[in-house]
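Biologist: I have a structure open and would like to learn how to read it. Can we go through it feature by feature?

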Amino acid sequence: MAGPDSLRWRPRAAGRQDWASWPHYDAAGSGFPGYWYPVTWGSHVDGTPRAFTICGERLVLLRDGGTVYALHDRCPHRGVPLSEGDQQFPGTISCPYHGWTYRLTDGKLCAVITDGPDSPICGKVTVRTYPVAERLGLVWVYVPIADEQPHPIDEQLPEELVGNRFVVGGRIEPRRGNWRFACENGFDEGHAKYLHRTSLWRLFKPMPTWNRTRVVGDGRWIYRVQDEVHWEADFPGVGKWSNQRWWKLRPPKETFNIGNTGKPKKIDPTIAAQEFAGFASLSMPGVLRIVYPKFIHYEFYVPVDDGEHRYVGLMVNFTAGWKALGFYLKYLGGIRWLFHGQFSGQDAWMVEVTDAPPERLYRPDVSLTAWRNLAEKEFTAKLEVHGCAES
């Protein structure tokens with residue numbers, strides 16, 4: 001009689017169906033260390049400790065004297081979360097159980113309230129601390145590979161967000177599903193034209209039926225470049241299919257690579273100056289950039305663990321003054337709900353129900369394999385730099 005292993009489904013040899021070609025990527029269910037990750041809005045961090053998990057690391061964030069600090073969220077005494085504690089002295093955080101008190105700057109145990117001023121264990125226990133930075137209105141934490149000093153955060157931010165004036169509207173929320181599924185969905189070439197055809201954000205906008213697309217690299221980014229855009233198609237033996245409806249705008253005749261619904265008549269000068277190779281681009285450790293004529297949308301897929309991630313979506317408009325007020329009115333009045341809500345919610349739905357590998361890829365999935373190749377190559381090089389190539 002056949003055993004259980006003989007009944008288990010096995011992929012056929014033809015076609016790539018697992019992630020064996022990308023071993024580091026396959027092992028990165030809880031994310032890649034060695035990068036800065038956005039955790040929460042800076043305005044949400046004050047003197048009350050708050051708990052977060054990033055890349056499988058339990059963190060407690062606390063603001064003291066205007067500076068945000070991040071420590072490992074576990075008291076070494078009995079394992080109680082420090083995020084359940086509070087501040088009994090300036091520049092410290094105290095465990096709620098026995099009053100073990102740690103300096104925020106270096107995590108050193110500096111007082112034990114229930115053992116008196118001369119407690120002999122002071123100075124002998126340390127809680128791990130993490131580098132913190134504030135950019136774009138967000139608190140960022142660096143998750144190290146081997147206790148190395150972090151690279152400057154500005155080296156990891158999209159280049160156009162360093163040195164230009166802009167305003168930001170955004171949304172942060174916990175989501176189910178692995179961060180890799182979210183990242184691959186964001187850069188996926190095929191889904192937007194079909195999954196989002198019912199989105200209210202696209203209600204009046206023309207959408208292609210299918211494209212001919214290639215992926216090109218430029219520095220630390222990869223770009224999707226559209227060589228052909230097809231607005232309808234006849235499928236042999238099935239019938240004609242089109243995204244077009246009588247109430248939608250007429251599709252353009254030209255191929256385009258800024259925005260994904262048609263060739264724009266005018267592009268914001270700051271955006272035009274970047275000379276983006278394509279409207280969708282992706283970089284490590286999972287930063288998506290979608291370029292529209294008047295704004296840029298960014299998504300940061302922040303790993304929590306194998307089954308959850310934090311979605312950080314930012315809409316950036318390169319303006320200031322009274323025009324900035326107009327942007328905020330439009331964003332809060334409708335865009336936040338339409339774009340970062342219902343539209344993005346369709347992506348969240350797919351990410352939650354995705355179950356891969358095994359998988360069978362098709363032609364548009366060149367975007368997925370290009371991303372996995374980028375992640376594998378960059379992280380392998382990072383491990384070598386830090387002497388962890390065999391980890």
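Biologist: What phi does glycine 387 take just after H7?

Modeller: This is a predicted model, so keep that in mind. Glycine 387 takes a positive phi of about 70°, just after H7.

Biologist: How do I check the length of helix H7, residues 366-385?

Modeller: Count 1.5 Å a residue. The 20 residues of H7 should then span 28 Å. The end C-alpha atoms are 29 Å apart, which agrees.

Biologist: Which residues of H7 are buried?

Modeller: Start with the general idea. An α-helix has 3.6 residues a turn, so residues three or four places apart point the same way. In H7, the buried residues include Leu368, Trp371, Arg372, Ala375, Phe379, Lys382 and Leu383.

Biologist: What covers the buried residues of H7?

Modeller: The cover includes helices H2 (23-26) and H3. Strands S1 (35-41), S12 (210-218), S13 (221-230) and S16 (280-283) also contribute.

Biologist: How many residues of helix H3, residues 179-187, are buried?

Modeller: Buried means under 20% relative accessible area. In H3, 9 of the 9 residues are buried, so the helix is largely enclosed by the rest of the structure. Among them are Trp179, Arg180, Glu184 and Phe187.

Biologist: And how do I read the protein chain as a whole?

Modeller: Begin with the elements: 7 helices and 19 strands. Of the 391 residues, 50% count as buried. Next, take contacts between residues at least 6 apart in sequence: 61% join residues at least 24 apart. Finally, look at the surface. The chain exposes about 19,500 Å², and carbon and sulfur atoms supply 53% of it.

Definitions and conventions:
Residues numbered from 1 in each chain as written. Predicted model: local features only at pLDDT ≥ 70, side-chain atom pairs only at ≥ 80, totals over all residues. Heavy atoms only, no water. Buried < 20%, exposed > 50% of the residue type's maximum accessible area, 1.4 Å probe, protein only. Helix = DSSP H or I, 4+ residues; strand = E, 2+ residues; numbered from the N terminus. Contact = heavy atoms within 4.5 Å. Areas by Shrake-Rupley, 256 points an atom, 1.4 Å probe, with all protein chains shown as cover. Expected span 1.5 Å × (residues − 1).
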